[in-house]
Amino acid sequence: MPSMRLDCPECQRPLINTRFDATFRLPDRSERLCFGIPAGLCLDCHQLYMDPELIELLDLDAGRCVFAIQSDTVLQAGAWSGAE
Ligand SMILES: [Zn+2]
């Protein structure tokens, strides 16, 4: 599991680890639902940042996130490090 300890590219504040459900629109216009994706949330910018490796892993690099909703309460950094 890649570390999600990142800073916000916009305001340089540390991102908060969270999980969210998201819909991605793929180039062939199909949509793909992903649940429980770990991401970094910036409270200031209200922006979610996914790990590029994870995007690649899910084969979503060509897709566009069209919808995302936080699916869990905010977790402390490393809280899910033992999860699969
Ligand atoms: Zn920010």
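## Overall fold

Strands are DSSP runs of E with at least two residues, numbered from the N terminus. The model described here is predicted. Its chain contains one helix and four strands, and these follow the pattern β-β-β-α-β along the sequence.

Of the 84 residues, 14% count as buried. Among contacts between residues at least 6 apart in sequence, 65% join residues at least 24 apart.

## The sheet

The four strands form an open sheet in the order β3-β2-β1-β4, with antiparallel pairing. β3 (47-49) and β4 (64-70) are the edge strands; each has a single partner strand, so one side of each has no neighbour in the sheet. From one strand to the next, the twist averages 50°.

Strand β1 (residues 16-25) is joined to strand β2 (residues 31-42) by nine bridges, and the two run antiparallel. Within this pairing, T18 of the chain stands opposite A39 in β2. β1 also pairs with β4, again in the antiparallel sense, over six bridges. Here the bridge partner of D21 is I69 in β4. Strand β4 is hardly covered, as the count of buried residues among its seven residues is zero.

## The nonpolar core

In soluble globular proteins, nonpolar side chains tend to be buried together. In this model the largest nonpolar core consists of eight residues: L15, F20, A22, F24, I37, A39, L41 and C42. β1 and β2 each supply at least two residues of this core, and β2 gives the most, with four.

F20 is a member of this core. Leaving aside neighbours within four places in sequence, F20 is in contact with I37, A39, L48, A68, I69, Q70 and S71. Two of these partners, I37 and A39, also belong to the core. Another contact of F20, I69, is the residue that bridges to D21 from β4.

## The helix

Helix α1 spans residues 52-57 and includes I55. I55 is partly exposed: 16 other C-beta atoms lie within 10 Å, whereas a buried residue would need 20 or more. Apart from neighbours within four places in sequence, the contacts of I55 are M50, L60 and D61.

I37, a residue of the largest nonpolar core, lies 18 residues from I55 in sequence, and the C-alpha atoms of I55 and I37 are 9.8 Å apart in space.

## Loop residues with positive phi

Two loop positions have backbone angles worth noting. R29 lies in the loop between β1 and β2. R29 has a positive phi of about 70°, although it is not a glycine. With 6 C-beta neighbours inside 10 Å, R29 counts as exposed.

H46 is located in the loop between β2 and β3. The phi of H46 is also positive, at about 50°, and this residue is likewise not a glycine. H46 counts as exposed because it has 7 C-beta neighbours inside 10 Å, and the limit for an exposed residue is 12 or fewer.

Notes
Residues are numbered from 1 along each chain as its sequence is written. This is a predicted model: local features need pLDDT of at least 70, side-chain atom pairs count only at pLDDT 80 or more; totals for chains, interfaces and linings use all residues. Two strands pair if DSSP finds at least two bridges between them. Axes are lines fitted to C-alpha atoms, for helices over the stretch in contact, and angles run from 0 to 180 degrees between N-to-C directions. A nonpolar core is a set of buried Ala, Val, Leu, Ile, Met, Phe, Trp, Tyr and Cys residues joined through C-beta atoms within 7 Å. Two residues are in contact if their C-beta atoms, placed from the backbone, lie within 7 Å.
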